[in-house]
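Reader: I have a model open here and would like to talk through how it is held together. Could you take me through it, starting from one residue and working outwards?

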Amino acid sequence: MERRRPETWTVFPRLTLCRDIMIPGNRMLMVILLCRVVLEGSSHASLIPEEGKKKASGLQGRRLDQSHELLEDFEATLLRMFGLRRRPRPSSSAVVPQYMMDLYRLQSGEAEESGAYDPAFEYPERWASRANTVRGFHHEEHMERLDLGDPEAGNVPLRFVFNLSGIPEDELLSSAELRLYRRQVDGVEDEGLHRINVYEVLKPPRDGQLIARLLDTRLVHHNTSRWESFDVSPAVLRWTRDGLPNLGLAVEVSHLRRNPRRQGRHVRLSRSLHQVPGEDWDQLRPLLVTFGHDGKGHPLTRRAKRSSKQRGRKRNRNCRRHSLYVDFSDVGWNDWIVAPPGYQAFYCHGECPFPLADHLNSTNHAIVQTLVNSVNTAIPKACCVPTELSAISMLYLDEHDKVVLKNYQEMVVEGCGCR
């Protein structure tokens with residue numbers, strides 16, 4: 001994904017905090033940290049516009065130490081806000097499934113603007129509408145075989161074990177799907193049909209016997225290459241909610257007509273000894289996707305691409321929204337945040353003059369306070385603060401190299417007013 005900065009940086013003036021305005025904890029701390037970075041002139045915090053910073057003077061070493069501590073506090077605060085215990089350090093082998101990228105682009109509204117997604121992709125509205133967090137899991141390849149024979153010679157299933165231990169305890173899962181890729185089989189004249197069965201493994205396989213419960217089944221033609229989705233919610237909920245043993249899922253592919261030697265070969269269930277031209281196994285591996293909610297904010301409903309146009313005239317000194325672009329590469333987070341590369345957070349700044357005009361979106365209390373201030377300057381003026389905030393979606397790699405799509409509330413200023 002191409003990373004672009006805005007062509008211009010908006011001046012970030014010195015901010016005056018209103019002591020009488022109560023701002024929720026995370027946002028209040030972020031405002032204080034941002035203001036301190038501006039005043040300290042930290043060379044590390046280049047996400048803050050350069051203009052308006054004070055030049056460092058005297059005791060530079062001590063100030064650099066303070067700036068380093070400030071940057072660490074800033075990072076720790078944001079990580080807590082994102083629900084992470086520590087900064088992820090992805091390994092070089094970490095893979096971002098294309099499905100998760102397409103899901104992010106559709107959910108965030110980027111797909112409509114760029115068109116960079118699979119047109120056959122179907123947004124899982126039924127599952128995403130109850131979740132604010134989506135996680136993708138690849139299986140543990142060393143545990144896939146059941147040693148029940150040759151899976152391409154008969155109806156012999158493969159087992160897939162997914163390590164779900166990284167899901168936080170406060171995240172309540174609502175559903176899960178298993179995604180399997182099947183490719184077109186060429187050179188077959190008949191209307192070949194395959195049945196794909198997905199089971200929950202109930203007991204470890206013994207003496208060639210598999211004790212399992214059927215979860216979902218699908219009858220498919222062999223003349224199409226596409227992904228198939230299977231509902232495995234009952235099994236995943238038993239593992240995560242009820243604490244039952246996670247012995248994995250078993251997948252069985254059977255050919256219902258002629259040419260039984262081809263059964264199973266059109267469904268990519270395991271890594272080939274020889275690389276198939278044009279295929280990337282890391283992207284075609286079976287993928288388990290969970291949908292959950294941590295009780296914070298709104299679910300991942302699809303939305304149109306948010307406009308970045310600013311409202312109001314730039315020369316107007318009254319309270320309005322100003323540009324503030326946060327680039328994750330400036331704080332060294334672009335190695336674990338997959339998308340977006342940054343976002344327009346905006347901020348509110350400007351005067352709340354007497355008398356307050358209607359377009360300043362003021363409360364009755366702010367009008368009264370401004371009126372009193374006009375005759376008694378001991379009473380402060382109303383402050384220019386956010387009155388409307390919206391969410392952003394982030395796609396990132398967590399501490400366990402697992403891909404997460406999450407909705408974060410109150411990240412973008414949509415409107416300002418005098419309060």
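Author: Gladly, with the reminder that this is a predicted model. A convenient place to start is Tyr343, which, leaving aside residues up to four places away in sequence, touches Leu324, Tyr325, Val326, Phe328, Ile392, Met411 and Val412.

Reader: And apart from the core that Tyr343 sits in, what else is there, and which residues belong to it?

Author: Apart from that one lies another core, of 24 residues, which includes Val198, Leu215, Leu249 and Val253.

Reader: Back to the largest core, then: how many residues does it have, and which have the most contacts inside it?

Author: The largest nonpolar core has 32 residues, and those with the most contacts inside it are Phe82, Trp333, Trp336, Tyr343, Met394, Tyr396 and Met411. The elements that give two or more residues to this core are helix H2 (60-81), E15 and E16, and the largest share, seven residues, comes from E16.

Reader: Changing topic, how many disulfides turn up in a search of the whole structure?

Author: That search finds three disulfides. In one of them, Cys319 and Cys384 are joined with their sulfur atoms 2.1 Å apart, and since the torsion about their S-S bond is about 75 degrees, this disulfide is right-handed.

Reader: Which parts does the pair of Cys319 and Cys384 tie together?

Author: Cys319 lies in the loop between strand E9 (287-293) and strand E10 (320-322), while Cys384 belongs to strand E15 (residues 384-397), so the pair ties together parts that are 65 residues apart in sequence. Cys319 is buried, with a relative accessible area of 9%, and Cys384 is buried too, with a relative accessible area of 15%.

Reader: What about Cys348 and Cys416, is that disulfide left-handed or right-handed?

Author: The torsion about the S-S bond of Cys348 and Cys416 is about -85 degrees, so that disulfide is left-handed. Cys348 lies in strand E14 (residues 347-349) and Cys416 in strand E16 (residues 403-418), so parts that are 68 residues apart in sequence are tied together by this pair. The sulfur atoms of Cys348 and Cys416 are 2.0 Å apart, and the two residues count as buried, Cys348 at 11% relative accessibility and Cys416 at 13%.

Reader: And where do Cys352 and Cys418 lie?

Author: Cys352 is in the loop between E14 and helix H8 (364-375) and Cys418 is in strand E16, so here the pair ties together parts that are 66 residues apart in sequence. Their sulfur atoms are 2.1 Å apart, and the torsion about the S-S bond of Cys352 and Cys418 is about -95 degrees, so this disulfide is left-handed. Cys352 is buried, with a relative accessible area of 3%, and Cys418 counts as buried at 0% relative accessibility.

Reader: You mentioned E9 earlier; how many of its residues are buried?

Author: Seven of the seven residues in E9 are buried, so by the under-20% cut-off the strand is mostly covered. Both faces are covered, with Leu287, Val289, Phe291 and His293 on one side and Leu288, Thr290 and Gly292 on the other, all of them buried.

Reader: Which strands pair with E9?

Author: Strand E1 (residues 133-138) pairs with E9 in the antiparallel sense over six bridges, and His138 has Leu287 of E9 as its bridge partner. Strand E3 (residues 172-182) is joined to E9 by seven bridges, again antiparallel, and there Ser175 stands opposite Phe291.

Reader: What is the order of strands in the open sheet of four strands?

Author: The order is E2-E7-E4-E5, with antiparallel pairing. Strand E2 (158-160) and strand E5 (212-221) are the edge strands, each pairing on one side only, and neighbouring strands of this sheet are turned by 25 degrees against each other on average, with direction ignored.

Reader: How many bridges join E2 to E7?

Author: Three bridges join E2 to strand E7 (residues 249-255), and the two run antiparallel. Phe160 stands opposite Leu249 in E7, and Leu249 is also among the residues of the 24-residue core.

Reader: And which helix lies across E5 and E7?

Author: Helix H6 (residues 233-240) lies across strand E4 (193-201), E5 and E7, and runs at about 150 degrees to E5.

Technical notes. Residues numbered from 1 in each chain as written. Predicted model: local features only at pLDDT ≥ 70, side-chain atom pairs only at ≥ 80, totals over all residues. Heavy atoms only, no water. Disulfide = S-S within 2.5 Å. Buried < 20%, exposed > 50% of the residue type's maximum accessible area, 1.4 Å probe, protein only. Pairing = 2+ DSSP bridges. Axes fitted to C-alpha atoms, helices over the stretch in contact; angles between N-to-C directions. Contact = heavy atoms within 4.5 Å. Core = buried A, V, L, I, M, F, W, Y, C linked by side-chain atoms within 4.5 Å.
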